[in-house]
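Reader: Hi! I have a new model open and would love to talk it through with you. Could we start with a helix and work outwards?

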Amino acid sequence: MSIDRATRTQESTSESSETAPLLEVSDLRVRFSRRGRHVHAVNGLSYRLRPGRMLAIVGESGSGKSVSVRSLMGLLPPTAQVSGSARFDGVELVGMPDKQLRRYRGADIAMVFQDPARSLNPTMRVGNQITEAIRAHSDVDRARARERAVELLRLVRLAAPEQRFHEYPHQLSGGMRQRVMIAIALGAEPRLLIADEATTSLDVTTQAQIMELLLDLQERLNMAVILISHDLGLAASYAQDVIVMYAGRAVERAATADLFEHVRMPYTRALLGAIPVLERQAHTLLPVIPGQPPDLGALPQGCPFRPRCSEATERCSEEPPFAEHEPGHWWACWHPATDQEEASA
Ligand SMILES: Nc1ncnc2c1ncn2[C@@H]1O[C@H](COP(=O)(O)OP(=O)(O)OP(=O)(O)O)[C@@H](O)[C@H]1O
């Protein structure tokens with residue numbers, strides 16, 4: 001797997017660890033309750049994110065990735081009960097009234113989703129959609145907002161931005177629409193951009209271009225980025241830190257190069273091991289691991305990965321704590337892999 005970039009960026013870890021975190025999530029929990037049934041979608045998630053860094057949250061479908069970030073933005077249905085803490089620039093988001101939260105949503109914190117075709121207004125020229133986003137968050141006149149919209153289209157590397165400004169979403173390709181969505185998100189000059197499977201529906205070449213763009217913007221604007229993805233290859237190539245989620249909880253977390261070079265958790269190892277070596281060069285979707293993730297409404301006792309884990313023993317009926325076992329490297333497992341095992345795998 002290509003981790004050159006991760007290795008390079010990891011070198012700056014100690015330097016950036018001096019910077020105060022922009023986002024500090026502690027023991028975040030989300031529970032959906034309906035007719036007496038409780039679904040624990042997020043179970044005690046904690047992480048810190050500094051400006052100018054990209055954190056990837058990866059895991060199989062249903063592991064709680066999207067719910068965890070949507071809960072920060074107040075984008076969950078009323079059946080969701082959110083607890084714990086998420087401090088953005090020192091301000092607590094959990095429990096903040098929606099009216100107040102709206103000031104952050106789309107402004108300081110912006111989100112880009114998987115499906116730009118659905119997120120864009122089909123009846124409105126793309127330039128006007130960006131102009132509106134700019135004016136919604138800053139006090140500029142229409143002419144200045146239009147200039148800024150063209151600048152943003154140029155920033156997201158859309159060819160012929162003046163011409164594209166006047167086009168409708170259906171006149172653009174999927175990759176171009178995703179660039180427009182990013183331009184809209186950037187219109188408010190967010191300090192945190194959350195990309196939720198934002199490149200999943202794109203072909204591999206366009207996906208790489210969009211990711212390069214995000215990386216460039218992150219560095220130039222000192223923006224923090226959370227990348228939600230099924231795609232381990234994508235995480236390895238672009239993010240500086242990775243959290244692997246399983247059954248609503250973080251099961252392994254480390255700087256990217258550390259995680260991929262010293263995999264500890266059997267679940268992460270299974271995810272990596274199931275990717276054929278040749279395909280690791282390309283960005284591949286998460287492979288299928290035998291068995292199913294557990295029902296979040298009826299979690300097994302102990303480690304939630306136990307029923308699918310080749311290393312499981314009696315001890316795993318007790319839940320392993322998620323702890324920092326090596327500097328900067330966290331995992332939740334009684335039987336972590338060693339470097340020797342990794343080398344012979
Ligand atoms: N509105 C809801 N009501 C009840 N349960 C929900 C609701 N939304 C999500 N969930 C539960 O939360 C779990 C986690 O969902 P989430 O969308 O965060 O997973 P994910 O890891 O992002 O997966 P995917 O990539 O498929 O979106 C789901 O398995 C589902 O059981």
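Reader: Is α3 mostly covered or mostly exposed, and how many of its residues are buried?

Author: Happy to help. One note up front: this is a predicted model. Helix α3 is mostly covered, with eight of its nine residues buried.

Reader: Which residues of α3 are the buried ones?

Author: They are Lys65, Ser66, Val67, Ser68, Val69, Arg70, Ser71 and Leu72.

Reader: And which strands does α3 lie across?

Author: The helix lies across β3, β6, β7, β8 and β9. Relative to β8, which spans 224–229, α3 runs at about 145°.

Reader: What happens in the backbone just after α3?

Author: Gly74 takes a positive phi of about 70° there. Next along is Leu75, in the loop between α3 and β4.

Reader: Why does Leu75 count as partly exposed?

Author: Leu75 has 14 other C-beta atoms within 10 Å. A buried residue needs 20 or more and an exposed one has 12 or fewer, so Leu75 falls in between.

Reader: How far is Leu75 from Lys65 in space?

Author: The C-alpha atoms of Leu75 and Lys65 are 13 Å apart, with the two positions 10 residues apart in sequence numbering.

Reader: Changing topic to the ligand. Which residues come nearest to it?

Author: Ala41, Ser61, Gly62, Ser66 and Val67 come nearest, out of 14 residues around the ligand. The elements that give two or more residues to that shell are β2 and α3.

Reader: Which element gives the most to the shell around the ligand?

Author: That is α3, with three residues. So our helix comes back: Ser66 and Val67, two of its buried residues, are also among those nearest the ligand.

Reader: What is the shell like by class?

Author: There are six nonpolar, seven polar and one charged residues in the shell around the ligand.

Reader: You mentioned β2. Which sheet is it in?

Author: β2 belongs to an open sheet of four strands, ordered β2-β1-β4-β5, with antiparallel pairing. The edge strands are β2 (37–49) and β5 (91–92), each of which pairs on one side only.

Reader: How many bridges do β1 and β2 share?

Author: They pair over 10 bridges, in the antiparallel sense. As one example of the register, Arg29 stands opposite Asn43 in β2.

Reader: What about the strands under α3? What is the order of the sheet with β3 and β9 in it?

Author: That open sheet has eight strands, in the order β6-β7-β8-β3-β9-β10-β12-β11, and its pairing is mixed. β6 (109–112) and β11 (323–326) stand at the edges; each has a single partner strand, so one side of each is left without a neighbour in the sheet. From one strand to the next, the twist averages 20°.

Reader: Which way do β6 and its partner β7 run?

Author: They run parallel, joined by four bridges. Ile109 has Leu192 as its bridge partner in β7.

Reader: And how does β9 pair with its two neighbours?

Author: With β3, β9 pairs in the parallel sense over four bridges, and Leu55 is matched with Asp241. With β10, the pairing is antiparallel over six bridges, and Ile243 is matched with Arg253. The hairpin of β9 and β10 has two residues between the strands, and Ala247 takes a positive phi near 50° in it.

Reader: Which residues of β9 are buried on each face?

Author: On one side they are Asp241, Ile243 and Met245, and on the other Val242, Val244 and Tyr246. That fits the count for β9: six of its six residues are buried.

Reader: Last topic, the core. Which residues have the most contacts inside the largest nonpolar core?

Author: Leu227 and Val251 do, in a core of 95 residues. Helix α9 (residues 174–186) gives the most to this core, with eight residues.

Reader: What does Leu227 touch?

Author: Leaving out residues up to four places away in sequence, Leu227 touches Met54, Ala56, Ala195, Ala235, Tyr238 and Ala239.

Reader: And the overall numbers for the protein chain: how many helices and strands?

Author: The chain comes to 15 helices and 12 strands. Of its 345 residues, 43% count as buried.

Notes. Residues are numbered from 1 along each chain as its sequence is written. This is a predicted model: local features need pLDDT of at least 70, side-chain atom pairs count only at pLDDT 80 or more; totals for chains, interfaces and linings use all residues. Two strands pair if DSSP finds at least two bridges between them. A nonpolar core is a set of buried Ala, Val, Leu, Ile, Met, Phe, Trp, Tyr and Cys residues joined through C-beta atoms within 7 Å. Two residues are in contact if their C-beta atoms, placed from the backbone, lie within 7 Å. A residue is near a molecule or strand if its C-beta atom, placed from the backbone, lies within 6 Å of it. Ala, Val, Leu, Ile, Met, Phe, Trp, Tyr, Cys and Pro count as nonpolar, Asp, Glu, Lys and Arg as charged, and the others, Gly among them, as polar. Axes are lines fitted to C-alpha atoms, for helices over the stretch in contact, and angles run from 0 to 180 degrees between N-to-C directions.
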